[in-house]
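Biologist: Could you walk me through this one? I'd like to hear about a ligand site and some aromatic rings.

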Amino acid sequence: MGRLICDATNTMGIPCSATSDPGTFFRELTPEVTLIMLDLIMPKTDGIEILRLLAQQGCRIPIIFMSGVGKRILESAEQLAGSLGLSVVGHLSKPFRIDQLEAVLHRQIAEGSPRSEHAVLHIPIADEELRNAIVQEQFVVHYQPQVQLSNNRVVGIEALVRWKHPHRGLIFPDLFISRMETLGLIDQLGWIVATCGLKEFKQVVTPNGTPTVLSLNVSIFSLRDLQFTDYFMALLRQHDVSPHNIILEITESGLIKELSSTLDVLTRLRMKEVKLSVDDFGTGYAMMQQLRLVPATELKIDKSFVQNMHTSDSDRVMVQKTVEIGHDLGMNVVAEGVETIEQLEFLRSIGCDVVQGHLFSRPLPIDQLVAWIKRHEGI
Ligand code: G
Ligand code: G
Ligand code: MN
């Protein structure tokens with residue numbers, strides 16, 4: 001198969017190399033590569049695993065699937081690739097003829113070079129760049145407001161990190177958080193974001209000094225360190241911020257995987273009165289049993305459910321039940337990714353407490369957020 005493709009591309013004047021070995025594949029994936037043709041079923045690995053690894057590298061190279069698998073599987077694979085941020089531009093069902101292959105390649109060449117804003121990420125991010133980013137603290141923090149549904153007041157802001165890369169521009173966390181976790185850099189990133197967040201948080205003023213809460217996303221890996229609570233409390237003291245004003249967000253999937261190794265740290269944080277939120281709720285499949293054990297004060301419904309509420313009955317039920325479960329367990333329920341008035345009104349009708357999303361504001365740099373809050377609160 002590989003030979004056949006290489007022969008065809010070579011006659012078109014396009015250099016090509018083929019391999020069924022994942023190691024060789026990633027070694028040969030240089031910045032010059034403009035197209036990946038991926039067989040979903042290979043002897044040493046499967047295409048799905050390759051997709052995950054490509055996504056971890058922030059790959060933006062167009063991908064064409066080749067496979068003999070059925071349409072449903074192909075669609076699932078395309079959906080998975082999309083959700084991983086990869087770009088699948090077509091597929092060839094095996095067996096295919098040379099002229100079909102040529103047609104696909106011609107179309108790809110005709111569509112030309114990638115859009116310029118993506119060009120920089122064509123080159124995979126190297127480990128060294130990530131290490132450098134930490135040493136040189138190449139990060140900025142943006143903040144998204146959270147609004148209480150009962151009175152339309154801003155009750156919190158979520159800190160969301162962005163990497164200000166010296167050459168590639170602003171890079172979003174989906175492209176580097178899991179890499180930072182794998183490389184053991186996530187604790188350091190967490191402290192950089194927390195320090196910046198606590199410093200900038202002081203600029204947020206609300207009328208009558210109503211308390212606003214700062215939500216920080218914390219990797220579950222950082223909570224396996226038994227000293228996390230002490231370090232975190234010391235940082236709060238240093239910045240003169242009360243634990244009552246802090247929520248640590250931990251993803252549901254992380255909590256389920258690591259509950260036994262982090263339960264003591266989670267409990268100690270609660271004893272110090274730091275609030276805890278279960279982030280991306282609904283994507284990690286926690287059982288009631290497990291949820292009962294997590295000493296959280298807040299449930300954050302994942303945006304995928306919120307955004308499909310009006311087209312999918314099951315997603316609407318999921319949102320409604322999450323609000324019920326959260327309240328039954330004594331938690332505050334937050335909906336993220338709210339983009340329309342329709343979504344807002346439905347959430348209000350089922351008693352959701354707090355909303356966050358583009359309907360109010362995108363994540364903003366601190367000075368713009370402060371101005372937004374002033375406008376919103378009429379001060
Ligand atoms: O805006 P958005 O693309 O920023 O964020 C994407 C995801 O990245 C969020 O779901 C969030 O969980 C994660 N994230 C954002 N900032 C941080 C951070 O400071 N630390 C960790 N661990 N995750 C973050
Ligand atoms: O940590 P977490 O997954 O909860 O982070 C929230 C993520 O959701 C961030 O990536 C943020 O930029 C994104 N986000 C916030 N509001 C909206 C919205 O209204 N629509 C969409 N599509 N994304 C949003
Ligand atoms: Mn979050």
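Modeller: Here are a few questions and answers on those two topics. First, this is a predicted model, where local features need pLDDT of at least 70, side-chain atom pairs count only at pLDDT 80 or more, and totals for chains, interfaces and linings use all residues. Residues are numbered from 1 along each chain as its sequence is written, chains are lettered from A and ligands numbered from 1 in the order in which they are written, and side-chain values use heavy atoms, leaving out hydrogens and water.

Biologist: Which residue's polar backbone atom is 2.7 Å from an oxygen atom of ligand 2?

Modeller: We look for N or O pairs within 3.5 Å, which is what a polar contact is here. Gln144 has a side-chain N or O atom 3.0 Å from a nitrogen atom of ligand 2, but that's a side chain. The backbone atom at 2.7 Å from a ligand oxygen belongs to His358.

Biologist: How are the planes of Phe228 and Phe232 arranged, stacked or edge-to-face?

Modeller: Rings of Phe, Tyr and Trp (its six-membered ring) pair if their centres lie within 6.5 Å; planes under 30 degrees apart are stacked, over 60 edge-to-face, and the rest tilted. These two sit 5.8 Å centre to centre with 10° between the planes. So the pair is stacked.

Biologist: Is Tyr231 buried, exposed or partly exposed, and why?

Modeller: Buried means under 20% relative accessible area and exposed over 50%, with partly exposed in between (1.4 Å probe, protein chains only). Tyr231 has 42%, so the right label is partly exposed.

How values were computed
A polar contact is a pair of N or O atoms within 3.5 Å; within protein, one must be able to donate a hydrogen and the other to accept it, and residues adjacent in sequence count only if both atoms are side-chain atoms.
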